[in-house]
Structure formats: C-alpha cells, structure tokens
Amino acid sequence: MKASIAPLVAICLIAGAVYPALASTYSSAYNGWVESGKTITVGNYFVTFSISNGSPTAHVTVQSPDYTTEERNIPEGNSYYYYNALRIYVANVTGSQALVDISRAISSGSSSAGTKVWCDTPGLNALAGDEVAFPITIQNNGEDDATYSLSASSDTGWSARYLYNGKDVYKVYVPASQSKVVTLAVQTPYTASIGEKTITANIGSSSLDLHVYITSVNQSVEFSAKVNSIIASIGDKIYYDVTLNNLQSKENNYGLSVTGLPDNWYYRYVETRGSTSELAEAVVPAESAKSLVLEIVPPYSVSEGTYNFTAVVTTPDNVTISKDLTLRLKASSSMTMTSDKLAYTASPGQTFEINVYVTNSGTGSALTNVYPEISAPSGWVVSSSPGTVNSIKAGETQKFVISVQPPGNIVASDYEVTVTMTSDQAQKSSDYRITIATSSYMPYIGGGIIIAVLVGLAFLYKKYGRR
C-alpha cells in the first residue's frame, strides 16, 4: 500500500502542494525523483545530482557549452536559476533521492502566474565602486494577497540588498490587485573590470535580469596630471602638477609614491613649488579636489635620454591608481672653472687677488645662482666680487675676483686656499698654494755697519792724517 501511494504523492507534490507556480517564462522539461549521481539532460544542459543520505539539501552541478559550469547546494523548497536559462526546483529530499523539477526558459519575460515584475531602468552605467539602485515594481494580479521572497544572483560576486521604505528587507507583502516598488541596491567594487555585468533579481518565483555597465575602473579617486610628458635640460628642476579628485562622499587619506625611477633618482610630493615640506600622503575632503606638485630630481651624472616612471596613489582600501609619466632629458649646462695661476706669493698682512673664470660650456640651459665658496686657514680674510651671479648662459664666461688677506703675524710657510664655484646645476673646485715669505733686515744692517765704518775712517783720516 505504501509503495503504491508513493508515485501519487510525488505527482501531487509537483503539481501543486509543494512546488510553486512556474513562471510563465519557464517550461517544465523534467519532473520526478532523482537518485544521487544521476544526470538529467535538458537540451544542451546537463544537471548532475549529488545527495547525501540524511541531508535536506541537494547538490547540483550544471554544465553547458553555452555557459560556465556552476555548482550549488539547493535546500528543499528552493530554486536555483542557472544563468536564467534553467530553473532547478527541489521539492523534497528523502534519503539519497530528491523530488525535483527542471524547467527551461522560453522567453526573457519575468512574470509568474498572477504576478508581474518589471524595472523601468534595467540597464545602468556606473563607475567601479559605485552603488547602483534598480527600482523594481511587483504587481500582484492575483485574487489573494502574497508575500514574495527577495534574492539576487550573479556570477560577479557583488553584494546586493533590497530596500523598502529605507529598510533592508528580504521579503515584501503585496495585497491582491496592488503593486509595490522595492529597490535592489548593488555595490560594485573598485576593482570591477570595464564592461557589462548581469544581476538576476528573484522575486518569489519570478526573475528579472538587470545590467550594470562599468565605464571605468578604480574610480574612488581621479588621479590626473596637467602634463604627462616633460622635456628638460639635465640639471633643471622638474615638476609635474597633479590633481587628486575624491569622488566619494567622505574624506579620504591617499598614499603617495613613485615607481620605476632609475637608481639614485629622488622624488618628493609637495603642496606647491618651492615648498620644503615633503608629503607621504594627502588628505582630500569629500567630493573635493586637491592639487599637488611631484618634483623629480635626477643626479648630476644622468645621461641624455627618455625616462618613464609611474606616479602612484593608494586609496584607503589599498587600491592603487597609477599615472604614467615621461621625462626626456636633453644636453645639460656644464661648468668649466679656470684661473690665471694656481700658486701665489704674499707677505704677512698683504692682500692679493685670485682671478677665477667660470664658463657655461654646456649646450643646454643656463647656470643659475652661481657663487664661490672659499675655504682658507683660520684668521685669513676672504671675499669675492661679485658675490653671486644670477645666471650664466651657455657659452658665456663670468669672472670672479677672490680677495685674500693673510694675518700680519703669520709664520712664513706654504698654505692652501680652496675656491668652490657652486650653481643650481653643477659645482667645480680648485686649490691654490699660497707661499708666505717674511722680509730679511740683515742686508740693511750690514750696509749700515759698512757705511758707519767708512764714515769713521774718513773722520779719523781728516783729524790725524796730516800729522
């Protein structure tokens, strides 16, 4: 008796008592009991069931040449939609068997018997990181009130939630012959790739495909440069004007860095040109922009050529946004330093001059802020005329007169004075040997003695010579 009733019970379950009304867009292709390990073929779709004895859940694997393979655990009384092409409903799980219905989609509609579901804006553009909102209308055309379960499915892994009257909901009650609007809010990640993605809204036994087109990636902040490529002479100060535009409705702190610079190059972010305060991060108010300056400093030994590197901004959620920059360096200004001679002789306290000639022997930009740094022994007085020259153009020569005065009580010996010519672009040094020679009075004393002797002899001769 029990065995003869089982098929009748199965038919009743599928026909109405347990299995919900099928969506008008789906047509049943298989219904009945399946054993664990059995594969049901529906057109190009292959559905394999795995059922553990005692579990209220059926594990299904769906394969198709049209879509990627999916695996799901379906608790009894629930449905799984495979890319909206198949609907697999598990009515009951007993032992290693499950009572199931597999239905194929016959159109892209989204209504179930007595229910109509639609969205006026089923396709929305968004920046990666945006939350998009789909208003979904649920119209209950039946004679009875209905409570609809709300869920969403997608292969994107994006988070989604339903809102009604400002509250998160997972069920909504709609009286007979009335309609209500719920909002499906979908949060896109900042790492989402550009292109269209599909989210399926499941309203009771109805479903609706919704689409999000990601127009650009990593858009929690826009990172731009006024000029991406700069041509400069070796030795020039190099600045890139960059802007951070915070697109979020909250204040954010962004990390600042540069990658790809050659060895021995230096960089720093500052708020304005000429600022000495280096920035490792920048705070940007909500929905505001902040301008910064990226300063690049190559070494003096750098060669001509094109250099590529990347300015990097790191968001609070550790997403990096890059801006590729290019620098082309051309021939630099070059300094040549010469003098009339490298050795001088002076007496204690005697002032003498060293003439130094600075030539810009390069083919690039001017030497700027050129001045001498003079190193001399303690007590020596040194100065330069001129003290500083603002600019020496390529091919031009500037004369500096270095005035040097040793102390008056200095010991006779050899001394060294070093003159270093410094500019914003380069520097050169030269050492000068200074010989201090003291005066000798012995010749004068000897001469005086001789004169005195001669005068004495003349006097004696005059007084006694005629006797």
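In what sense do S29 and strand S36 (residues 427-436) pair, and over how many bridges? S29 and S36 run parallel, joined over four bridges; two strands count as paired if DSSP finds at least two bridges between them. Before we look around that spot, a word on the model. It is a predicted one, so local features need pLDDT of at least 70 and side-chain atom pairs count only at pLDDT 80 or more, while totals for chains, interfaces and linings use all residues. Residues are numbered from 1 along each chain as its sequence is written, and side-chain values use heavy atoms, with hydrogens and water left out.

Let's start with the overall picture. The protein has two helices and 36 strands; both are DSSP runs numbered from the N terminus, helices being H or I with at least four residues and strands E with at least two. Of its 467 residues, 37% are buried, where buried means under 20% relative accessible area, exposed means over 50%, and partly exposed lies in between (1.4 Å probe, protein chains only). Among contacts with a separation of 6 or more, 62% join residues 24 or more positions apart; a contact means heavy atoms within 4.5 Å.

Now back to strand S29, which covers residues 343-346. Its side chains alternate: Tyr344 and Ala346 point to one face and are buried, whereas Ala343 and Thr345 point to the other and are not. On the S36 side, Tyr344 has Ile434 as its bridge partner.

Two open sheets are worth a visit next. Strands of a sheet pair through backbone hydrogen bonds, either parallel or antiparallel. One sheet has four strands in the order S2-S3-S4-S5, with antiparallel pairing. Strand S2 (39-42) and S5 stand at its edges with a single partner strand each, so one side of each is left without a neighbour in the sheet. From one strand to the next, the twist averages 20 degrees, taken between axes that are lines fitted to C-alpha atoms (for helices over the stretch in contact), with angles running from 0 to 180 degrees between N-to-C directions. Within this sheet, strand S3 (residues 45-51) and strand S4 (residues 57-64) are antiparallel partners over six bridges, and Ile51 has Ala58 in S4 as its bridge partner.

Just ahead of S2 you will find Lys38, in the loop between strand S1 (26-35) and S2. Lys38 has 36% relative accessibility and is therefore partly exposed. Leaving out residues up to four places away in sequence, Lys38 touches Tyr30, Val47, Thr48 and Phe49.

The other sheet has five strands in the order S10-S18-S17-S12-S15, and its pairing is mixed. Here the edge strands are strand S10 (123-127) and strand S15 (171-174), each pairing on one side only. Neighbouring strands of this sheet are turned by 30 degrees against each other on average, direction ignored. S10 runs parallel to strand S18 (residues 206-216), with five bridges joining them, and Leu127 stands opposite Ser216 in S18.

Aromatic side chains make another good trail to follow. The structure holds 10 aromatic pairs; rings of Phe, Tyr and Trp (its six-membered ring) pair if their centres lie within 6.5 Å, with planes under 30 degrees apart counted as stacked, over 60 as edge-to-face and the rest as tilted. Tyr67 and Tyr82 form an edge-to-face pair because their ring planes stand at 85 degrees, with the centres 5.8 Å apart. This pair links distant parts of the chain, as Tyr67 lies in strand S5 (residues 67-75) and Tyr82 in strand S6 (residues 78-82), 15 residues apart. Tyr82 is buried at a relative accessible area of 0%, whereas Tyr67 is partly exposed at 33%. Tyr82 also pairs with Tyr83, again at 85 degrees and so edge-to-face, with ring centres 4.9 Å apart. Tyr45, Tyr67, Tyr82 and Tyr83 form one aromatic cluster.

Our last stop is Asn369 in strand S31 (residues 367-375). Asn369 is partly exposed, with 35% relative accessible area. Asn369 and Ser423 are 54 residues apart in sequence, yet their C-alpha atoms are 5.3 Å apart in space. Beyond its neighbours within four places in sequence, Asn369 is in contact with Thr388, Val389, Asn390, Thr422, Ser423 and Asp424. With Asp424, the side chains make a polar contact at 2.8 Å; a polar contact is a pair of N or O atoms within 3.5 Å, where, within protein, one must be able to donate a hydrogen and the other to accept it, and residues adjacent in sequence count only if both atoms are side-chain atoms.
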